[in-house]
Structure formats: C-alpha cells, structure tokens
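Visitor: I would like to learn how to read the features of a model such as this one. Please take them one at a time.

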Amino acid sequence: MRTELTVNGATHVVEVEPRTTLLDCLRDNLRLTGAHAGCEHGVCGACTVLFDGVAVRSCLIFAVQADGVPITTIEGIAPGPGELSLIQDAFCETHGMQCGYCTPAMILTAHALLANNPSPTREEIVNAISGNICRCTGYAQIVEAIALAAERMRGANRPAEAT
Amino acid sequence: MKAAPFEYSRPANIDEACALLAADDGARVIAGGQTLVPMMAMRLARPSRLVDIGRIGALSYIRDDGDGIAIGATTRQQSVERSGLIAERLPLLAKMMPWIGHTATRARGTVGGSLANADPAAELELAAITLDATLTYRLAGKSVDTPASEFFLGAMTTALPAGACLAAVRFPAWPEHRIGTGFHEVSARRSDFAFASAAAQVAVDEDGTCRRIAVGVGAVTESPLRLLEVERQLTGTRLEDSKVRDVVRGALADIETMSDLHATADYRRRVAAKLAMRAILDAGAECKAKSHAH
C-alpha cells in the first residue's frame, strides 16, 4: 500500500504491506534505526517515537495508519549535525544510560513529558517513563537526567535579565 | 512478533465502517490498536481486514449534554485524562484515567476500544458499570443504546452484534454538590493489569449522611461487578468504618472470583473487599473535606 510518511520534517513515499509496523518501516524502509525493536508487542517501550508530538509505541502502529502524520524519531531531535539536544546532553552528563538500547525511547519520552509539563515532580518523571523498560541503570540516573534537562529548559526560557 | 497479512480500509464515517464489517466476518475494527496490535503480533488475532475508524473526526468528542457527558468512541484516553470537563463533571472517571496502561498507550488507546475489548481488569469498563453508563453502537444505519449492565456479557465478550461499531458512551453526571470519589487497584507493576480494583462515588448531605452511593469492583469476576447490595445498605448511613467493612465483606463473601497464575480466587476476594472499603471511605472523606471548604 502506498503510504506517505513525514519523518523529522522530510516526506517519504513508501510501498508497504498493511501489516508492516511503523517501527519496521522506519528501520527497514527509511533506515532510521534509532527506534529500537525490543518486545514488538507494546511492553518494553524501546520503539517509542513522537507521533504528532506525543510519545507512542511504533510497534503498535501500522505504517499505513501513520499516513500523513508528522513523526519525530531520535534522529530528528538534535538541533544540528554533530550537536545534541538539551535532553540528550543531560543524559550524557548524568550517565543516564549504560547499554543504550532504551535510550532513544527514554529521550523521546522525556521530550514529550517536558513539552507538556516543564516542571515535573520526581513522581511525574517516574510515571512518564514507567512504560519504558531499562535493564541496566536502575532508572536513578535517567530520572536525574530528565530533572536536569527540565531545570535547564526552564532556565533557557527565562528572560535574560532574570537569570 | 509480526502480524499475519490483512487488508486495510479507512472508512470516512461509521456507516461505511459498519458496511465493511458486515461484508467480511473476519474484519475487525481498529482505532487505537493498543490491545489488538499486540494480539495480532502474537498471532492470537488474525483479522482478514482492519477497518480503521481512528481518524473519523465525528467519533472523537467529549460533550456535556446537561445531565451527562457523552464521549465519542475514538476519543483518545489521554484526551479524557486531560479534560477539565471530565474532571468537573465525572470526578470518578477522572480519578481512574491515569491508571489505564501507560502514557504512551493512553496517547493512542481510545475510550471505545477499551470498552469494546471488555477486559475484566479494564478501568473504563469498571467506570461504565459503576456509574451506569449507556453505550451506543451503530448497526445497519441505526443507533442502538445499551446500558452497561447489559452490554458487558463476560471476559472479552460484549453484546455488540456482528457488523456493529461502537459509537459513544454516555455517563450520567451526578447533580449533587457534595460528591466524593475513591479508586484503588493492585497490580504487579505500575499500570499493569489489575489483580483487583475498586471504585466508589458517594454524595452526602449537610450532616454527613450518605444520600447516594455507587460502588464497583473490577478484575475479580468475568465482568466488573456493581455492588448494589452494598449501595442499598450504606445509603442513609454516615459511612462509619465498621459498617462499611461489614457490608462490603458480606457482599463479596459469596461471589465466585477468578483465579489465575498471578492471584488466587481467595486473594482476589480479600483484596477486592479491602480496596472497596478504602474506596468508599476515601470518597466519604473527600465529601467531608469539600463540606469544610464550603
């Protein structure tokens, strides 16, 4: 089926079977391998992407359902080549990752959270990432990374004279 | 973990969706897909055609019709969770929404999808049964209303006929001023399927007497269970701890509860009783707190 995908601002026309998940389409057709295949049935959260700005599981959406919907993957998060987004930077700084398998999804989940709630409590951060499984870190540094990113984003939005 | 092949259609309206469903016994509706797609990935479901109603704008709304709130079938769970109207008019439902799945599944999952799926542990089904909701489906060009008490027939089984498509659910809003709500559930991990859950909404008058009460327990029987006998016995009381405890225990004593690998029948009965008591007492306490605030 002919499907038009708008990913990270670029439009791609792909020919996919209806049963192809958005995850497989991103990885296999568009070679965007930042969305990771973990459980492939909506439990682990490793395949999280932003779908019209909200964090969703790309293994639970068929590519044909994504026709025309703006999608952001981890590849589209950095402001420019060789740069990191503020949230990515915070994950590096606090060592919010070990093997890295869950990391793109954690970062996109954090983006969706902070876009909607600039000052999340620890509880709200834990809640937001409760659908993303990490088997390495024990989550502490991930929570720390998101809190740090939130603090910096709030600072960045403050008028110059107030800082 | 790849779904079997299927055909895909995206009808423009609900009657077109019904026609597609009527034409093919193996066709299934997809809206959010947060339950159906995992089932398809595991090949537990092999629909021949998916009828995608997720983009039918006319099915996505939250409307106040004066004495109740109607919610369109494809309204995303997240929209209900964030709705000021729901928080104000359906406080019990508002309290239950964050317990449904995870943020990422509520972003896609729909109200109608959860109701049509009829999982015994589903919070939305418990809310519909406890609050006496009415479900409306479309079949062959006609709309049919069914009370929640007749819609849910058992685990994963509803009264939806073949070729029908759920269109909306309507929750009556209580007119009383002093309303309190309570909700509790127990699961293995945050937002996993509940082993037992309980929801309560009460309205009290000026002197703290319970004038109206609705209580239900979920995940312990094939469909969530409204505790009508508890409601009858607690109406007119002041919801004293010991009275609530005795009435709830008595009501759950003879109910045949489900048993599985995660929770035995006895465990479910005991926990459901405890959670129902807490939900009722919380609801009562919330009423009192509101009375003081006035």
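Visitor: In what order do the three strands of the open sheet in chain B stand, and in which sense do they pair?

Guide: A word on the source comes before the sheet. This is a predicted model, in which local features need pLDDT of at least 70 and side-chain atom pairs count only at pLDDT 80 or more, while totals for chains, interfaces and linings use all residues. Residues are numbered from 1 along each chain as its sequence is written, and chains are lettered from A and ligands numbered from 1 in the order in which they are written.

Guide: In general, strands of a sheet pair through backbone hydrogen bonds, either parallel or antiparallel. Here strands are DSSP runs of E with at least two residues, helices are runs of H or I with at least four, and both are numbered from the N terminus. Two strands pair if DSSP finds at least two bridges between them. In chain B the order is β1-β3-β2, with parallel pairing. β1 and β2 (27-30) of chain B are the edge strands with a single partner each, so one side of each has no neighbour in the sheet. From one strand to the next the twist averages 25°, with axes as lines fitted to C-alpha atoms (for helices, over the stretch in contact) and angles from 0 to 180 degrees between N-to-C directions.

Visitor: How many bridges join β1(B) and β3(B)?

Guide: The two strands pair over three bridges, in the parallel sense. Glu7(B) has Arg49(B), in β3(B), as its bridge partner.

Visitor: Which part of chain B gives the most to the side that touches chain A?

Guide: The size of an interface is often given as the accessible area lost when the parts come together. Here residue counts serve: the contact takes 25 residues from chain B and 20 residues from chain A, where contact means C-beta atoms, placed from the backbone, within 7 Å. On the chain B side, β1 (7-9), α2 (36-41), β3 (49-52) and α6 (103-108) each supply at least two residues. α6(B) gives the most, with five residues. This side of chain B has 13 nonpolar, seven polar and five charged residues; Ala, Val, Leu, Ile, Met, Phe, Trp, Tyr, Cys and Pro count as nonpolar, Asp, Glu, Lys and Arg as charged, and the others, Gly among them, as polar.

Visitor: Why is helix α8 of chain B described as largely enclosed?

Guide: A residue is buried if 20 or more other C-beta atoms, placed from the backbone, lie within 10 Å of its own, exposed if 12 or fewer, and partly exposed in between. Eight of the eight residues of α8 (residues 123-130) of chain B are buried, so the helix is largely enclosed by the rest of the structure. Among them are Glu123(B) and Glu125(B). Asp132(B), with a positive phi near 60°, follows α8(B).

Visitor: What share of chain B counts as buried?

Guide: Of its 294 residues, 51% count as buried.

Visitor: Which residues touch the most other members of the largest nonpolar core?

Guide: A nonpolar core is a set of buried Ala, Val, Leu, Ile, Met, Phe, Trp, Tyr and Cys residues joined through C-beta atoms within 7 Å. The largest has 147 residues, and those touching the most other members are Cys165(B), Ala200(B), Ala272(B), Ala276(B) and Ile280(B). Helix α12 (residues 265-293) of chain B gives the largest share of this core, 10 residues. Leaving aside neighbours within four places in sequence, the contacts of Cys165(B) include Ile14(B), Val29(B) and Ile53(B).

Technical notes. Two residues are in contact if their C-beta atoms, placed from the backbone, lie within 7 Å.
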